[in-house]
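Here's a quick briefing on the cysteines and one of the pockets in this structure. Have the model open as you read.

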Amino acid sequence: MSVLECPSDLTLISDEMSIGDVIQDIIRMGPHEDPLHVLDLDDVVRKHYGWCAKMPRVKPYYAVKCNDDPRILQTLMTLGTGFDCASKGEMERMIGFGSVPSLLYARSKQVSVMTFDGAAELEKIHQYYPEARLVLRMRHDSKLVRCSLGKKFGCDPISEAPELLRYAATLRMNVIGISFHVGSDCDEHQVYYDAVKIAKDLFDYAKTIGYDFSLLDIGGGFPGDNNKPIDRYAKAVNVAIDHYFPAELDIRIIAEPGRYYVASAVTLVSFVDSKRVLKEKQEDGTEKTRMYYYLNDGVFGTFYCTAHEAQPAIPIVERKAGAKEYNSSVWGPTCDVMDLILPDVLLPELDIGDSVVFENVGAYGQVLSCRFNGFAIPKVVAYLREGTWKILQDLTAAAAAISARSLDSSDGMLLVTHENYAPIAEATYLLLNTSPNLTLIGDEMAIGDVIQDIIRMGPHEDPLHVLDLDDVVRKHYGWCAKMPRVKPYYAVKCNDDPRILQTLMTLGTGFDCASKGEMERMIGFGSVPSLLYARSKQVSVMTFDGAAELEKIHQYYPEARLVLRMRHDSKLVRCSLGKKFGCDPISEAPELLRYAATLRMNVIGISFHVGSDCDEHQVYYDAVKIAKDLFDYAKTIGYDFSLLDIGGGFPGDNNKPIDRYAKAVNVAIDHYFPAELDICIIAEPGRYYVASAVTLVSFVDSKRVLKEKQEDGTEKTRMYYYLNDGVFGTFYCTALEGQKAVPVVDGRMNARVYDSVLWGPTCHVLDQIAVEKLPELDVGDSVVFENVGAYGAVLANGFNGFAMPKVIAYLRECTWYGFLELKVLWITI
């Protein structure tokens with residue numbers, strides 16, 4: 001590769017070299033520990049020139065939410081695109097690159113062009129920002145889209161839009177045009193023509209009430225995969241705008257393409273981390289082999305849209321000579337059973353360390369990722385051809401001129417953001433100068449009082465997680481009292497807030513780390529867990545549930561102490577982990593133990609996990625009983641097991657005590673593993689320790705009133721409330737695992753109750769929190785959710801530029817002094 005002087009995070013390649021050659025070089029240098037996103041900036045450049053050639057009248061405003069990699073943004077800025085920013089975070093990101101959007105208004109860096117689709121939002125803008133230029137967003141959904149955005153945004157162009165325009169005229173608001181969005185990744189082109197036609201009707205109607213519109217925004221939805229050209233879409237758009245908005249009308253026409261620009265620009269290079277061979281019984285009594293492959297990337301990395309929006313993931317693998325093909329399941333690396341990329345795909349047999357490549361992952365593959373379970377977000381490595389680099393250098397001066405245009409110019413970036421709220425004030429009950437991220441409160445003060453103080457000081461711009469560390473302490477002592485023989489190893493993946501980890505370290509719990517990232521996090525706190533081994537910071541106790549994994553450990557780490565993970569799932573759980581992990585205790589476990597003995601591997605015990613958030617207790621008794629049978633069998637082949645791990649699954653909500661679970665566990669271990677056997681019994685509670693310790697305080701950012709026609713001809717009112725937190729913040733488990741979100745609101749005197757939908761703040765239609773009957777709320781009102789401490793923070797990401805919840809931690813004075821008496825140093829975070 002030829003490298004010229006360029007940014008350190010960009011590699012230049014010769015003009016004759018293809019990105020495929022680059023990927024093959026990366027694979028040859030592998031396997032790599034972390035997944036890699038190979039970014040081809042030449043592809044972005046080609047897409048831009050393709051857009052300009054095919055739709056010359058439509059100015060593209062790149063949707064920053066789709067992929068906000070700085071090299072993509074800087075490339076597009078140089079090429080002269082605009083930028084569609086849907087949040088303050090996205091807007092500030094663009095300003096940070098030196099971009100001064102022409103529509104950016106001087107008042108508190110607000111935006112002079114904003115969309116609206118309801119009366120309540122119009123009133124909010126009228127109250128706080130009456131000089132804004134407004135665009136009415138109408139609803140016109142395609143039925144052939146990945147996500148239908150009209151479920152969340154847009155007014156009906158016939159029954160609602162005219163009334164809204166009349167209301168805007170009454171308020172003397174400056175409405176300048178119409179926008180629509182047909183939906184994400186649209187698979188039909190005619191819908192654009194139809195939408196433009198309807199928009200023209202609204203232009204004409206607006207003229208009758210005194211408006212003279214000058215802007216049409218045709219939104220996004222254009223495909224971007226390398227096998228999906230936009231020619232037919234461009235033709236439909238061009239025919240429509242030339243017919244309904246001919247050039248002589250001087251209407252400014254813009255679009256918000258995101259996926260189009262970046263989908264094909266990024267290729268994922270992942271590797272097989274682990275492998276498992278399953279023998280599945282068929283109806284005729286024969287066996288069929290199925291392969292499980294565990295990659296170093298998954299649903300919490302690149303493949304959110306594959307798991308939750310049915311976006312295809314097509315693996316590209318090397319076909320080795322003579323390799324047999326098997327039905328295979330391809331999993332991500334985390335402990336979550338939802339981390340399944342491909343449930344059933346025919347693949348040639350792969351080995352640990354083999355590459356698996358996926359094209360077309362540039363749209364949302366990075367921005368929706370998070371560091372759940374301590375696994376790394378894909379690393380982006382960017383490439384650009386030398387010839388293109390020189391062209392961009394020549395354009396730099398022109399791009400600088402574009403970004404420095406007058407604020408009064410009508411050609412620039414369309415930015416839409418929320419109102420700015422006052423930041424949280426310092427609590428009046430701060431008593432001692434402890435860690436800067438910990439507030440001490442009086443012993444008599446309830447966490448509910450703290451929350452009420454926070455609400456009174458609001459509304460706050462960002463959502464807040466109120467962390468009650470005393471609740472964590474109570475849970476620990478409750479565990480020790482109810483299951484004194486079971487040593488808790490807190491599951492770090494559940495909530496890795498440093499104040500929780502330090503509190504539990506102080507209390508003497510162990511820590512269950514499921515990745516190198518989690519292990520290094522604990523070592524960083526000065527913790528040296530008893531199960532940490534000196535060899536390259538590896539762990540001396542490891543689980544296995546298949547022959548391939550056993551062989552891998554035997555090859556690379558033969559002195560490890562091993563625990564066989566058996567499968568024993570409860571049917572009353574939120575997630576059944578046996579779909580992904582664990583061997584059958586009858587048909588597979590004895591054979592695996594015999595194989596381990598043949599390899600002279602040191603197996604020391606049995607583990608199981610009944611599933612996440614279990615709602616039955618008897619399953620623990622039954623699992624312990626089965627584990628005892630495997631202890632007994634192991635003894636017959638020369639093993640003397642010393643460890644039983646009963647996993648997690650214990651509930652943690654404030655209305656779910658663990659007494660019945662503790663009783664089942666105690667009865668089982670006292671019967672099958674009495675104390676005189678000296679078996680070490682441990683568990684991996686996560687949700688139990690932290691679920692009830694965190695309360696979310698969110699606020700209503702926006703509101704919409706819908707009138708729904710009933711069969712009898714009457715109208716029914718439904719409320720839409722848009723909060724400052726959502727599925728990409730606290731509520732991942734609510735939307736995707738069925739976890740109930742119960743809003744707590746302040747019911748005003750005589751407030752009417754309506755069927756209501758609570759939405760999160762992002763542009764995504766999946767960002768729906770709850771459907772409830774609620775008293776009418778206003779913009780700025782608080783909405784509180786308890787029991788969000790388990791997975792509510794670790795699964796959050798900064799999608800769409802919205803802030804992840806800020807965690808504010810509280811501890812009572814008496815608990816703090818108790819820690820000091822233990823002579824434990826609280827590490828300043």
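**Cysteines and a pocket**

The unreviewed UniProt entry lists Cys335 as "active site". Keep in mind that this is a predicted model. Below, we start with that residue, move on to the other cysteines, and finish with the second largest pocket.

**Around Cys335**
- Look for Cys335 in the loop that links β13 (325-331) to β14 (340-348).
- Cys335 counts as partly exposed, with a relative accessibility of 21%.
- Setting aside neighbours within four places in sequence, Cys335 touches Asn373, Lys493, Ala514, Leu577 and Phe581.

**Cysteines and disulfides**
- Searching the whole structure turns up zero disulfides.
- For Cys147, the closest cysteine sulfur is in Cys305, and at 7.4 Å that is too far for a bond, given a cut-off of 2.5 Å.
- Cys147 is buried, at 7% relative accessibility, whereas Cys680 is partly exposed, at 38%.

**The second largest pocket**
- Its volume comes to about 820 Å³.
- The lining of this pocket has 37 residues, and those nearest the centre are Cys370, Arg371, Ala796, Asn797 and Met804.
- Elements giving two or more residues to that lining are β18 (464-468), α15 (516-524) and β32 (806-812).
- Of these, α15 provides the largest share, with three residues.
- Sorted by class, the lining has 18 nonpolar, 11 polar and eight charged residues.

Notes: Residues are numbered from 1 along each chain as its sequence is written. This is a predicted model: local features need pLDDT of at least 70, side-chain atom pairs count only at pLDDT 80 or more; totals for chains, interfaces and linings use all residues. Side-chain values use heavy atoms; hydrogens and water are left out. Buried means under 20% relative accessible area, exposed over 50%, partly exposed in between (1.4 Å probe, protein chains only). UniProt positions are given in the numbering used here, feature names are shortened, and annotations may be inferred rather than shown by experiment. Helices (H or I, at least four residues) and strands (E, at least two) are DSSP runs, numbered from the N terminus. Contact means heavy atoms within 4.5 Å. On a 1 Å grid over the protein atoms alone, a cavity is a set of points where a 1.4 Å probe fits but cannot get out, and a pocket is an open set with protein on both sides within 12 Å along at least five of seven lines; lining residues have an atom within 4 Å of a point. Grid points are joined across faces, edges and corners, and a volume is the space filled by probe spheres set on the points. Ala, Val, Leu, Ile, Met, Phe, Trp, Tyr, Cys and Pro count as nonpolar, Asp, Glu, Lys and Arg as charged, and the others, Gly among them, as polar.
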